[in-house]
Amino acid sequence: MFSRLEFFITETFVSMRRHPAMAFAATICIAASLFVAGIVGLIVLNVNYATDTTLNRVRFNVYFQPEISRHEAWVAYKRILDMARVEEAQFIPKEKSPFWLKYQQNHPDTKNLLNRNPLPDSVVVKARDLEDIKALKLAMLEWGEVRSVRDTPDLIQKLINVSEAVKQSGIIIGIILIALSLVIIHHTIELTLYARRREMFIMGLVGATPATIALPFLLEGIIYGLFGAGVALGILVPLYRFAAQKIAANFGFALLTKGPEMTHGLIAVLIAGVALGFIGSVVSVCKYLRTPKSRLTNA
C-alpha cells in the first residue's frame, strides 16, 4: 500500500518538475480566479452584513387615538406583544414622546402655554421578519384604539433590493470564474497527458490499471488547486485587513472581520481550490482514457 502511495506521489511531482511552466501557469490562474472570487465574496458578505445590521434596526410606530385612556392604550400594547409576528415592542407614553421632548427643548418659553400634551401614546414595534411589517400594519389599523401606523417601506424595499442584486451579481461572477478556472486546469492537465502519452501507453501494456495511470494526474490537479488557493488567501487576507483598518479609520465604517462567516469563507476558498483542481483533472483524464490508443501513440 505504501509503495503504491509513494509511486503516485513520485509520479505527481515528476510531472510537475517536467512541466514547471504549465504548473506555474495553472497555479497562478487558479490563484487569480480565487482571489477575484474572494473579493466578490467579501463584498457580498459585507453588503449582507450592512443590510442585516440596518434592517435589524428597522422599527415602525403605532400611534393610538388621542382620546383613549392610558389603560386602554396599555391594553392595546399588550395585544401587540401577544401577536405572533411581533418580536419586540416598547410602549412610549406621550409625556416621553421624542417629538414632545424635542419641542419642549426647542421652545422652553412656550411649553407652559399648552394645557396638555396633544400627542397620543404610541408603541415602537419590531417585526420578526421584514415581510411581516405590511401584514402587522394592516391588522393594527383595524383596531379602534389605533389612529395610524408609520413605517419606512421605501428604505426597507431598497435595502432588500440591494442585497438581492449583490447576491445575484456575486453568483454570476463566481460561475464565470469557476468556468475559467476549470478550462485552464483542464488544458494544463491535458497538455501533461499528451506529453506523457507514450509512457502511459507502455504502463498500460505492462498491466497498469486506468486508476493507476490516472491517479497521479488527479493528485496533480488537486495540488495546483491547493497551491492556488494558498496564494490567493496569502494575498487576500492581509490586503482585506489593511483595507478594513483604513476604511474604519477614515470613514468610521467597520467591515466584517470576525465571526463564523469569515472562517467559513476561508475554508470555502481552500475547498474551492481543491475542487477546481480535481474536477479539471477528472475531465482531462476521462477524456484521455476514452481516446483510442492508436491516436494516443501517434507522434
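Colleague: At about what angle to β2 does helix α3 run?
Modeller: This is a predicted model, in which local features need pLDDT of at least 70, side-chain atom pairs count only at pLDDT 80 or more, and totals for chains, interfaces and linings use all residues. Residues are numbered from 1 along each chain as its sequence is written, and side-chain values use heavy atoms, leaving out hydrogens and water. Helix α3 (residues 70–81; DSSP runs of H or I, at least four residues, or for strands E, at least two, numbered from the N terminus) lies across β1, β2 and β3. Its angle to β2 (between N-to-C directions of lines fitted to C-alpha atoms, for helices over the stretch in contact, from 0 to 180 degrees) is about 165°.

Colleague: Which strands stand at the edges of the sheet?
Modeller: The open sheet has 4 strands with antiparallel pairing (at least two DSSP bridges), in the order β2-β3-β1-β4. Each edge strand has a single partner, so one side of each is left without a neighbour in the sheet; these strands are β2 (86–92) and β4 (146–150).

Colleague: Which residue in β3 is the bridge partner of V62?
Modeller: Strand β1 (residues 60–64) runs antiparallel to β3 (residues 122–127), and 4 bridges join them. In β3, the partner of V62 is V123.

Colleague: Is Y77 buried or exposed?
Modeller: W74 and Y77 are 3 residues apart in helix α3, and therefore separated by about one helical turn. W74, at 40% relative accessibility, is partly exposed (20% to 50%, 1.4 Å probe, protein chains only). Y77 has a relative accessible area of 10%, which lies under the 20% limit, and so Y77 is buried.

Terms used: Contact means heavy atoms within 4.5 Å.
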